[in-house]
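Trainee: I would like a close look at one single part of this structure, the contact between two charged side chains, and then a walk outward from there to whatever else can be said. Please take it slowly and explain each term when you first use it.

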Amino acid sequence: MEQGQFKEVLRKHGLKVTSQRLLVLETMACHPGEHLTAEEIHDMARGKYPEIGLATIYRTLQVLVGLQVIDRVCFDDGAVRYELGTDKGPGSHHHHHAICQRCGQVISFEGDLLETLEQALYDTMGFTVTDHEVKLVGYCKNCANREKQGKRERPG
């Protein structure tokens, strides 16, 4: 999302366009595809705006999550992370994550993997799914290859 679009979203929701809000968005936009903690965003933002406080970062992140400009994600590592939001309009793909349990790499991917399940829930129970999140845990290609190599080298 460009700065002009972001300003429009804030104004549309009756919110002020502040330098702190723009700074958080700019910081995240400079790190596309990354899953940043509030503390990481704070450290990066302080390079341009040294007096910005961590509490301001947290409040700004809450506003941005509420506006669906950014997404809040948890990878079971004890940290809450944030990433630029994905377009959730009609015809958009859901954004998912594959997490390597050995090296911790997070691989983002898109796909409408659960459309059939969502439709079945609606057809059988009248339940309308508005959003979902998929986290797949396993081994990335490199770690899976290392695992195979290790098994071949060990005496059986």
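Mentor: The side chains of lysine 48 and glutamate 26 meet in a salt bridge, with 2.1 Å from N to O; the term stands for a side-chain nitrogen of Lys or Arg within 4 Å of a carboxyl oxygen of Asp or Glu. By this rule the count comes to 1 salt bridge. Lysine 48 lies in the loop between α3 and α4 (54-66), while glutamate 26 lies in helix α2 (residues 19-29), so the pair ties together parts that are 22 residues apart in sequence. Helices (H or I, at least four residues) and strands (E, at least two) are DSSP runs, numbered from the N terminus.

Before we go on, please keep in mind that this is a predicted model, in which local features need pLDDT of at least 70 and side-chain atom pairs count only at pLDDT 80 or more, whereas totals for chains, interfaces and linings use all residues. Residues are numbered from 1 along each chain as its sequence is written, and side-chain values use heavy atoms, with hydrogens and water left out.

How open to the outside are the two partners? Here buried means under 20% relative accessible area, exposed means over 50%, and partly exposed is in between, with a 1.4 Å probe and protein chains only. Lysine 48 has a relative accessible area of 59% and is therefore exposed, while glutamate 26, at 27% relative accessibility, counts as partly exposed. Helix α2 also holds leucine 23, which counts as buried because its relative accessibility is 7%. The C-alpha atoms of leucine 23 and histidine 97 are separated by 26 Å, and these two residues are 74 residues apart along the chain.

From the salt bridge we can turn to a group of charges on the surface, where Glu34, Glu39, Glu40 and Asp43 gather in a patch of negative charge. Such patches are made of residues with over 30% relative accessible area and no salt bridge, with like charges joined within 9 Å and nonpolar side chains (Val, Leu, Ile, Met, Phe, Trp, Tyr) within 5 Å. In this count Lys and Arg are positive and Asp and Glu negative, while His and the chain ends are not counted. One member of the patch, aspartate 43, lies in helix α3 (residues 38-45), and aspartate 43 counts as exposed because its relative accessibility is 52%.

Next comes the sheet, an open one in which 3 strands follow the order β1-β3-β2 with antiparallel pairing. Its edge strands are β1 (36-37) and β2, each of which pairs on one side only; two strands pair if DSSP finds at least two bridges between them. Strands β1 and β3 run antiparallel and are joined by 2 bridges, with leucine 36 having tyrosine 82 of β3 as its bridge partner and threonine 37 standing opposite arginine 81 in β3. On the other pairing, β2 (residues 70-74) and β3 (residues 80-84) are antiparallel over 5 bridges. There, isoleucine 70 stands opposite leucine 84, and cysteine 74 has valine 80 as its bridge partner. The hairpin of β2 and β3 has 5 residues between the strands, and in this hairpin aspartate 76 takes a positive phi near 60 degrees.

Let us finish with some loops. Glycine 104 is found in the loop between β4 (94-100) and β5 (106-111), and glycine 104 is partly exposed because its relative accessible area is 44%. Glycine 104 and aspartate 77 are 9.1 Å apart in space, C-alpha to C-alpha, although 27 residues apart in sequence. Glutamine 105 lies in the loop between β4 and β5, and at 38% relative accessibility glutamine 105 counts as partly exposed. Finally, threonine 130 has its place in the loop between α5 (115-125) and β6 (135-138), and with a relative accessible area of 76% threonine 130 is exposed.

How values were computed
Accessible areas come from the Shrake-Rupley method with a 1.4 Å probe; for residues, only the protein chains shown count as cover. The place of a charge is taken as NZ of Lys, CZ of Arg, CG of Asp or CD of Glu.
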